[in-house]
Amino acid sequence: MIKSLTIAVAALAMLGTSVPSLAANPPCRDKSGKFIKCPPKATAKPVRCKDAKGKFTKCGTPGAKPA
């Protein structure tokens, strides 16, 4: 009984480590189902702030609002 329990726990541990790695990096396919190179991910644009006159300024200054 202990031996079968140990085997079951080991099998679950092996599944637990491989599944997240597949989910984190899914393969890309085209319309016909063939594997293709995945497009690059878009980077987030930096937050820029403007003052009341419309000039760019640091976001920590008083009166600055995100543009």
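What is the handedness of the disulfide of Cys49 and Cys59, judged from the torsion about the S-S bond? In the predicted model analysed here, the torsion about this bond is about 100 degrees, so the disulfide of Cys49 and Cys59 is right-handed. The sulfur atoms of Cys49 and Cys59 lie 2.0 Å apart. This disulfide links distant parts of the chain, with Cys49 placed in strand β3 and Cys59 in the loop between β4 (56–57) and β5 (65–66), 10 residues apart. The two partners were also examined for solvent accessibility. Cys49 has a relative accessibility of 3% and, because this value is under 20%, counts as buried. Cys59, by contrast, reaches 41% relative accessibility and therefore counts as partly exposed.

A search of the whole structure returned two disulfides. Besides the bond between Cys49 and Cys59, a disulfide is formed by Cys28 and Cys38, with a separation of 1.9 Å between the sulfur atoms. The torsion about the S-S bond of Cys28 and Cys38 is about 110 degrees, so this disulfide is right-handed. Cys28 belongs to strand β1 (residues 28–29), whereas Cys38 is located in the loop between β2 (35–36) and β3 (49–50), so the bond ties together parts that are 10 residues apart in sequence. Cys28 shows 19% relative accessibility and counts as buried, because the limit for this class is under 20%. Cys38, at 34% relative accessibility, counts as partly exposed. When bonded cysteines are counted along the chain, the disulfides of the protein chain follow the pattern 1-2, 3-4.

The secondary structure of the protein chain consists of one helix and five strands. Along the sequence, these elements are arranged in the pattern α-β-β-β-β-β. Three strands make up an open sheet with antiparallel pairing and the order β4-β3-β5. In this sheet, β4 and β5 are the edge strands, each of which pairs on one side only. The pairing of β3 with β5 is antiparallel and extends over two bridges. Within this arrangement, Cys49 stands opposite Pro66 in β5. Cys49 thus combines several features: a place in strand β3, a disulfide to Cys59, and a buried position at 3% relative accessibility.

Further side-chain and loop features were identified. The charged end of Arg48 sits over the ring of Phe56, at 4.1 Å from the centre of that ring. The structure contains zero aromatic pairs. Ala52 is found in the loop between β3 and β4. With a relative accessibility of 82%, Ala52 counts as exposed, because this value is over 50%. The C-alpha atom of Ala52 is separated by 6.6 Å from that of Gly63, a residue 11 positions away along the chain.

Totals for the protein chain complete the description. Of its 67 residues, 4% count as buried. The accessible surface of the protein chain amounts to about 6,600 Å², and carbon and sulfur atoms account for 67% of this area. Among contacts between residues at least 6 apart in sequence, 0% join residues at least 24 apart.

How values were computed. Residues numbered from 1 in each chain as written. Predicted model: local features only at pLDDT ≥ 70, side-chain atom pairs only at ≥ 80, totals over all residues. Heavy atoms only, no water. Disulfide = S-S within 2.5 Å. Helix = DSSP H or I, 4+ residues; strand = E, 2+ residues; numbered from the N terminus. Buried < 20%, exposed > 50% of the residue type's maximum accessible area, 1.4 Å probe, protein only. Pairing = 2+ DSSP bridges. Contact = heavy atoms within 4.5 Å. Areas by Shrake-Rupley, 256 points an atom, 1.4 Å probe, with all protein chains shown as cover. Phe/Tyr/Trp six-rings, centres within 6.5 Å; stacked < 30°, edge-to-face > 60°. Lys NZ or Arg CZ within 6 Å of the ring centre and 35° of its normal.
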